[in-house]
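Here are some notes for a colleague who is about to look through this model. They are set out as numbered points, each of which can be checked against the coordinates.

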Amino acid sequence: MSDGSRDNRARSASDDAHAELDLPPDRLDSLEADSLLRDPGAYDGPPWLRGLFGWTLAACGAGLAWLLATSPERDPILPELVERNRSISGVSNPVTAVLLNFRSWDTLLEVAVLLTAMTAVWSMDRGARALARESGEQFDDPVLHGLVRLVVPLAGLVAVYLAWVGSQAPGGAFQAGALLAGAGVLLVATGLLRPPTAETRVVRGAIAAGLFAFVAVGFGVMPWTGVFLQYPSGWAYPLILGVEAVLTVSIAVVLVELFVDVPAVPDHDSTLDRLDPTGDPLGRLLNPDGGLVEGKEET
Amino acid sequence: MSWGDWALDGAIALLLTGLAIRLLTTREVFEAIVLFVSLGLSLSLAWVRVGAPDLALAEAALGAGVTGALFLNAYGQLTRRVGEPGGDEPEPGMDDPDAGVSEPDEGGHSE
Amino acid sequence: MTSLVCYVLAGAALFVTGFWGAVARSHLFWKVLAVNVMSGGIFLILLAAPPRIDPSRADPVPQAMVLTGIVVAAAATAVALGMALRVVARTGVPRLEEEDRGAGGLPATAAPDEGAG
């Protein structure tokens, strides 16, 4: 088994792992490799504690399951509410009605959360592009190319359909956006599309457009109804459709960008850590004379 | 409810529980990621049975697709660091010290 | 009692298993996986437990909530994985310092000291 051979190699090199920090850049045979790709369990704490915790949790879980399964039948208040008001919501799919009409405020905040997550991931990558392949440097695999040629246009078509049919049948902006993101991830991962980075205005514009459109609609209806995000009667369907269209593209771009902007893990002899051991772009911005000299932190 | 319903739902519930337990007790990262994608797809099946087709679509695309891709991407970063044959070659920009890092007074992100 | 109770039980099992995994496994990837499993369990309970007027269609309000939850969970997973990779880049081990109770990986101060070489 490959496990056994790897363990042997790890044990024999474990002494060297701590001796020198300047490890050879090609292959890392050490406990670090062992602990990165597999979790030998040496760091997980004593087994008796884990077992005790596990069985206690299992008992709690059984109690929770019993409580849930034997709870008395309640009246379906919320489904009746939604069913009664579905006709005035502008759409016939109750989930879309709840998402984009009855609880549109929650959806708006969710888009803001997506934007926040995007900002968090951007702040972590320090400009290193883990997937930076020049477009044109692709995998030379005919099966892969055939698959992509078949799947991506189909995904685009189905995504447009899903976004539109979400008002009558299962579908909607999130499903369509996720499907488009899947197609985008496929394109980026195979190198057929240059990874979209945050430096282009198109990407940033697309990401901001979703939240912007939603907020614009929210404020735009106020002269007619006086309440933020309260659609005027008769205008619900077109407004929902418009917001969903922009949301689809925005969500797709956000998800692809989250995939692309994975923080790069440098090799041991990479110069990234030497130039910026703190990994703190904001700190360097605020204190440019912090004295980064060949990896020494002088703050 | 017919016994067919019970059999199907019981089977899917057992599948979900088994996948989750195996996923969290295994020792290999790659196996855990593959099991996680399988769990996402099984969850998508569960959403259909529970009567939430919108969620089935979203779970298949997001839970299994995008999250699985994110995990595999992160796993690729780990293998790249380890230098395994299954990982990528180091990206061209990494060898150049000025590739991704701008001058300190720009804050590290070139706009 | 409809057959949906199977999913309530499965949801509780997923939640408990995820909770155990999030605490017991020290590898950061497993913590992210475990939290995702936990949220999957909660979503199952949210959808299978509530009363419904049509036995074949779930309550739409929890459906909308869970849809939001799935999207947010995907984004949060991206952030968490990014942070885990940053920990690996800085310390060389995929676990937090407090949980590194074994002989493994490079010392935590590997990053600033590397420049001396």
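1. Chain A has a secondary structure of 13 helices and 2 strands. The model is a predicted one, and the points below should be read with that in mind. Of the 299 residues in chain A, 45% are buried. Among the contacts in chain A with a separation of 6 or more, 67% are made by residues 24 or more positions apart. The accessible surface of this chain is about 15,000 Å², and carbon and sulfur atoms account for 66% of that area.

2. Helix 9 of chain A, which spans residues 201–220, has a kink of about 35° centred on Ala209(A). The buried residues of this helix are Val203(A), Ala206(A), Ile207(A), Gly210(A), Leu211(A), Ala213(A), Phe214(A), Val217(A) and Gly218(A). An α-helix has 3.6 residues a turn, so residues three or four places apart point the same way. As for their partners within chain A, the buried residues of helix 9 pack against helix 5 (94–102), helix 6 (104–122), helix 10 (222–225) and helix 11 (236–260).

3. Over all chains, the search of the whole structure finds 7 salt bridges. Which residues are linked with Glu83(A) in a network of salt bridges? They are Arg86(A), Asp54(C) and Arg57(C). Within chain A, the side chains of Glu83(A) and Arg86(A) meet at 2.8 Å, N to O. The side chain of Glu83(A) also forms a salt bridge with that of Arg57(C), at 3.8 Å from N to O. This second pair crosses between chains, from the loop between helix 2 (28–48) and helix 3 (60–91) of chain C, where Arg57(C) lies, to helix 4 (residues 77–85) of chain A, which holds Glu83(A). Within chain C, Arg57(C) forms a salt bridge with Asp54(C), with the closest N and O atoms 3.8 Å apart.

4. Are the members of this network buried or exposed? Glu83(A) counts as partly exposed because its relative accessibility is 34%. Arg57(C), at a relative accessible area of 38%, is partly exposed, and Asp54(C), at 29%, is also partly exposed.

5. The largest nonpolar core has 107 residues, and those touching the most other members are Leu16(B), Leu23(B), Trp47(B) and Leu44(C). Helix 3 of chain C supplies the largest share of this core, with 14 residues. Leaving aside residues up to four places away in sequence, Trp47(B) touches Ala52(B), Pro53(B), Leu55(B), Ala56(B) and Glu59(B) in chain B, and Phe43(C), Leu44(C), Leu47(C), Val66(C) and Ile70(C) in chain C.

6. Some caution is needed over confidence in chain B, where pLDDT averages 78 and 71% of the residues score at least 70. Where in chain B does pLDDT stay under 50? It does so over residues 84–111, for which the model has 53 contacts beyond four places in sequence. Turning to the helices of chain B, helix 2 (residues 29–50) has a mean of 95, and helix 3 (residues 53–82) has a mean of 88.

Conventions
Residues are numbered from 1 along each chain as its sequence is written. Chains are lettered from A and ligands numbered from 1 in the order in which they are written. This is a predicted model: local features need pLDDT of at least 70, side-chain atom pairs count only at pLDDT 80 or more; totals for chains, interfaces and linings use all residues. Side-chain values use heavy atoms; hydrogens and water are left out. A salt bridge is a side-chain nitrogen of Lys or Arg within 4 Å of a carboxyl oxygen of Asp or Glu. Buried means under 20% relative accessible area, exposed over 50%, partly exposed in between (1.4 Å probe, protein chains only). Helices (H or I, at least four residues) and strands (E, at least two) are DSSP runs, numbered from the N terminus. The bend at a residue is the angle between axes fitted to the seven residues ending there and the seven starting there. Contact means heavy atoms within 4.5 Å. Accessible areas come from the Shrake-Rupley method with a 1.4 Å probe; for residues, only the protein chains shown count as cover. pLDDT is the predictor's confidence in each residue, from 0 to 100. A nonpolar core is a set of buried Ala, Val, Leu, Ile, Met, Phe, Trp, Tyr and Cys residues joined through side-chain atoms within 4.5 Å.
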